[in-house]
Amino acid sequence: MAKYNIAVIPGDGTGPEVTREAVKVAKAAAEKFGFELALTEYDFGATRYLKTGETLSDESLEELGGYDSILLGAIGDPKVAPGILEKGVLLKARFGLDQYINLRPVKLYPGVSCPITGKGPDEIDYTVVRENVGGLYTGTGGFTMKGTQHEVAVQSCVYSRYQVERCLRYAFEYARKYGKKARGKGENNTLALVGKTNVLTYVFDLWERAFNEIGDADYPDVKREYYHVDAVCLYMIQSPEMFDVMVTSNMFGDIVTDLGAITQGGLGIAAGGNINPEGVSMFEPIGGTAPSFTGQNVINPLAAICSGAMMLRSLGEDEAATAIEDAVKWGTANKFKSMAAGEMGYGTDEVGDMIAAKVSE
Ligand code: IPM
Ligand code: MN
């Protein structure tokens with residue numbers, strides 16, 4: 001029987017509540033499809049930081065690198081200054097494990113009400129490939145004359161050709177394999193580059209040249225499109241059906257995927273994965289710690305559950321992943337009233353129970 005060693009980082013706020021349900025469902029799938037999940041829990045996040053001052057040490061990072069995969073809830077706490085836990089734990093893991101892709105499907109599940117009138121699951125069904133270890137997130141920069149009237153702050157967007165190229169290649173492969181044509185839903189597999197070539201004339205010139213060169217040389221079968229990031233936000237609302245696979249920088253990807261999330265019913269249903277195709281990946285819902293809902297058993301665990309499904313798929317357990325996704329579709333179509341916290345009609349744990357039971361059927 002296949003056995004996978006998984007590090008579980010429930011994290012802060014509602015992270016532990018949703019992670020518990022993701023684990024419950026993943027375990028039900030393991031039982032059903034005949035593999036074993038050996039889980040080791042870690043308390044990285046606010047609790048450990050406030051007790052010991054520790055975020056994620058180099059030793060812990062190395063330890064995480066020894067697992068088959070990582071399942072994470074959410075990181076961040078209002079009691080800790082912004083940036084400390086995000087940079088110290090979440091971004092440290094992403095960068096340290098070189099998880100250079102953040103894969104974020106924007107998918108409207110059946111029965112979920114879409115805030116865009118007239119749009120349904122057929123229209124909202126695309127994937128954002130967000131570059132995950134470069135750009136503005138490298139934190140390159142600093143202050144000069146901090147605290148004075150002449151203060152200057154610089155934070156640079158840094159991309160190397162190597163970083164851009166490996167991200168684009170992943171996105172082209174993804175489009176070829178899972179694009180609309182591959183899924184029998186369109187005439188082409190299409191990859192759209194999202195940038196800002198009209199203003200960020202260095203960074204996105206690099207992205208665009210690499211995009212066209214790699215596309216011409218190795219992916220002539222994948223249709224290419226380009227959108228400025230501001231325009232893409234407009235189209236994501238006006239005509240989301242025009243998208244298939246999108247690839248973009250770290251910062252733009254962060255922003256457009258929150259917008260995408262609301263079109264799929266909210267952060268409660270938006271899953272994601274930080275992927276190192278050659279190494280250890282880490283799966284997490286794209287939303288945050290939702291501090292105001294902590295401990296109330298009202299937060300929606302479906303995003304975490306679907307992130308668990310993405311994890312199983314990355315481990316090669318496709319059947320298990322599909323069974324979880326199908327169970328979630330069954331739940332959204334038949335059971336859950338809303339994707340918003342407190343409005344599902346069931347508690348967080350009941351949602352997990354129902355999906356786990358459906359997977360086990
Ligand atoms: C996300 C989050 C993180 C990010 C934060 C918590 C650092 O917003 O995963 O989208 O900006 O990447
Ligand atoms: Mn974000």
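How many residues of domain 1 are in contact with how many residues of domain 2? On the domain 1 side there are 13 residues, and they meet 16 residues of domain 2. This is a predicted model.

**Domains and their contact**

The protein chain splits into two domains. Domain 1 is built from two segments, 1–104 + 272–361. Domain 2 covers 113–263. Taken over C-alpha atoms, the domain centres lie 24 Å apart.

Two elements give two or more residues to the side of domain 1 that touches domain 2: α4 (84–96) and β4 (101–107). Strand β4 supplies the largest share, four residues. By class, that side of domain 1 holds seven nonpolar, three polar and three charged residues.

The table sets the class counts for this side of domain 1 beside those for the shell around ligand 1.

| Set | Nonpolar | Polar | Charged |
|---|---|---|---|
| Side of domain 1 touching domain 2 | seven residues | three residues | three residues |
| Shell around ligand 1 | two residues | two residues | two residues |

**Ligand shell**

Which residues surround ligand 1? They are G76, E86, L90, D254, I286 and G288. The shell has two nonpolar, two polar and two charged members.

**Nonpolar core**

In soluble globular proteins, nonpolar side chains tend to be buried together. Here, the largest nonpolar core counts 104 residues. The members that touch the most others are V25, A29, V129, A171, I305 and I324. Helix α9 (residues 302–314) gives the most to this core, nine residues. Both domains take part: domain 1 (1–104 + 272–361) and domain 2 (113–263) each contribute at least three residues.

Take V25 as one of these core members. Leaving aside residues up to four places away in sequence, V25 touches I305, G308, I324, G352, I355, A356 and V359. Among these contacts, I305 and I324 also belong to the group that touches the most other core members.

**Sheet**

Strands of a sheet pair through backbone hydrogen bonds, either parallel or antiparallel. In this model, ten strands form an open sheet with mixed pairing. The order is β2-β1-β3-β12-β11-β4-β5-β10-β8-β9. Which strands sit at the edges? They are β2 (35–41) and β9 (222–228), each pairing on one side only.

Within the sheet, β3 (residues 69–74) and β12 (residues 282–283) pair in the parallel sense. Two bridges join them. I70 stands opposite M282 in β12. Strand β4, which gives four residues to the domain 1 side of the domain contact, lies between β11 and β5 in the strand order.

How values were computed: Residues numbered from 1 in each chain as written. Chains lettered and ligands numbered in written order. Predicted model: local features only at pLDDT ≥ 70, side-chain atom pairs only at ≥ 80, totals over all residues. Near = placed C-beta within 6 Å. Nonpolar A, V, L, I, M, F, W, Y, C, P; charged D, E, K, R; others polar. Core = buried A, V, L, I, M, F, W, Y, C linked by C-beta atoms within 7 Å. Buried ≥ 20, exposed ≤ 12 C-beta atoms within 10 Å, placed from the backbone. Domains from an automatic or database assignment. Contact = placed C-beta atoms within 7 Å. Pairing = 2+ DSSP bridges.
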